[in-house]
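Here is a short briefing for anyone meeting this structure for the first time. Please keep the sequence and the 3D view open while reading.

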Amino acid sequence: MDRNEKIIKNDNKSCYKTSADDISETDESDTEIKKAFAKKDKRLIEEGYITVIAGPCAIESMEQLDTIAKIVKESGLSFLRAGAYKPRTSPYSFQGLEHKGLEILQEIGNKYGLYTTTEVTDAETVEEVAKYVDVLQIGTRNMSNFALLKKVGIVANKYNRKVILKRGWAATIKEWLLAVEYITSRGDAEVILCERGIRTFEPYTRFTLDLSAVPVIKKLSKLSIIIDPSHAVGQSDLVIPMSRAAIAVGADGLIVEIHNEPEKALCDGQQALDTKQTQEMLHQVSGIAAMLGKKIR
Ligand code: PEP
Ligand code: MN
């Protein structure tokens, strides 16, 4: 076993744990904050279950998120995803509702009793985002933004938040696992990995979903891993088969983009499942999960 393999076998904890001085950005009042934010503590990943996180790419309005959250709730799921700060490839694309989006997400999450996750895009807004959602998401474009990773580690620890760390689309598994350590070296945050497709020479799909990452991560670490089939394939009709495959290969969950009116979505509508497709996806995925003795939730 080489040295790096040893490092990543060491669970969610860093071997490179920095000195106490370096990580002591928490004080007594931080502990109080942590307690206050501890009430919502449903486990994101649980033995025997496949967690399906669903929702739109972006929060567009109160009405839009309300409609989609209702679909999520009525489908028996408990985690709602939705972007407030959108890191778009083009600066001319819709950039998200930003702070207003966070307020909408919190209100709708509370209304339907759903746990919420949204992306944090820069170190300056991490704390603001942590006050509004249950799970902080780090997107593919930021997996190697080490200043952001460190800040997320500190803030997630302070507010008792879990973190979903997406794989950089050009990152190796080793680089991805070392990125986890940037977060965990700053506190106790639970990090869940998310494979969302990597860039290959194949242009037909938006990215190439690296399903082999699931057994490799299980072999190298004790971390949980979920799959984002939506950003990987980029086309709604391919999302269901890849969701089935993700469960079959041993993923602990899915994060899927859904929309009540995909053709009108301000962001990523081409890959969003509509209501009927969402039901079909859950039906098919439940069948695969049942064969593995797991339930969808
Ligand atoms: C998203 O989940 O909305 C997103 C932008 O994903 P990714 O970072 O994987 O592109
Ligand atoms: Mn998207």
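Asp268 is buried, because its relative accessibility is 11% and buried means under 20%. The model is predicted. Asp268 sits in the loop between strand E8 (253-257) and helix H12 (275-291). Its phi is positive, about 55 degrees, although Asp268 is not a glycine.

**Backbone with positive phi**

- Most residues other than glycine have a negative phi.
- Asp268 departs from that sign, with a phi of about 55 degrees.
- Asn160 also has a positive phi, of about 60 degrees, and is not a glycine either.
- Asn160 belongs to the loop between helix H7 (146-159) and strand E5 (162-166).
- Is Asn160 buried or partly exposed? Asn160 counts as partly exposed, because its relative accessibility is 26%, and the partly exposed class runs between 20% and 50%.

**The loop between E8 and H12, and helix H12**

- Pro262 is found in the loop between E8 and H12, the loop that also holds Asp268.
- Pro262 counts as buried, because its relative accessibility is 14% and the limit for buried is under 20%.
- Pro262 and Leu273 are 11 residues apart along the chain. Their C-alpha atoms are separated by 7.2 Å.
- Ile288 lies in helix H12.
- Ile288 has a relative accessible area of 16%, so it is buried.
- Which distance separates Ile288 from Ile247 in space? The C-alpha to C-alpha figure is 6.7 Å, although the two residues are 41 apart in sequence.

**Strand E3 and the loop after it**

- Thr117 lies in strand E3, which spans 115-119.
- Thr117 has a relative accessible area of 1%, so it is buried.
- The side chain of Thr117 reaches a backbone oxygen at 3.0 Å. That oxygen belongs to Val135.
- Ala123 is found in the loop between strand E3 and helix H6 (126-130).
- Ala123 is partly exposed, because its relative accessible area is 22% and buried would need under 20%.
- Ala123 and Asn145 are 22 residues apart in sequence. In space, they are 9.2 Å apart, C-alpha to C-alpha.

**Ligand 1 and its surroundings**

- Where does ligand 1 sit? The space it takes is the largest pocket.
- The residues surrounding ligand 1 include Cys57, Arg81, Lys86, Glu119, Gln137 and Gly139.
- Also among them are Thr140, Arg141, Lys166, Arg196, His231 and Glu257.
- How does this shell divide by residue type? One residue is nonpolar, four are polar and seven are charged.
- Glu119, part of the shell, is the last residue in the range of strand E3 (115-119).
- Glu257, also in the shell, closes the range of strand E8 (253-257).

**Polar contacts to ligand 1**

- Lys86 places a polar side-chain atom 2.8 Å from an oxygen atom of ligand 1.
- For Arg141, a polar side-chain atom lies 3.1 Å from an oxygen atom of the ligand.
- For His231, the distance from a polar side-chain atom to a ligand oxygen atom is 3.5 Å.
- On its own, ligand 1 has 300 Å² of accessible area, and the protein covers 97% of it.

Definitions and conventions:
Residues numbered from 1 in each chain as written. Chains lettered and ligands numbered in written order. Predicted model: local features only at pLDDT ≥ 70, side-chain atom pairs only at ≥ 80, totals over all residues. Heavy atoms only, no water. Near = heavy atom within 4 Å. Polar contact = N/O pair within 3.5 Å; in protein donor to acceptor, adjacent residues only side chain to side chain. Areas by Shrake-Rupley, 256 points an atom, 1.4 Å probe, with all protein chains shown as cover. 1 Å grid on protein atoms, 1.4 Å probe; cavity = no way out; pocket = protein on both sides within 12 Å on 5 of 7 lines; lining within 4 Å. Sits in = over half its atoms within 2 Å of the grid points. Nonpolar A, V, L, I, M, F, W, Y, C, P; charged D, E, K, R; others polar. Helix = DSSP H or I, 4+ residues; strand = E, 2+ residues; numbered from the N terminus. Buried < 20%, exposed > 50% of the residue type's maximum accessible area, 1.4 Å probe, protein only.
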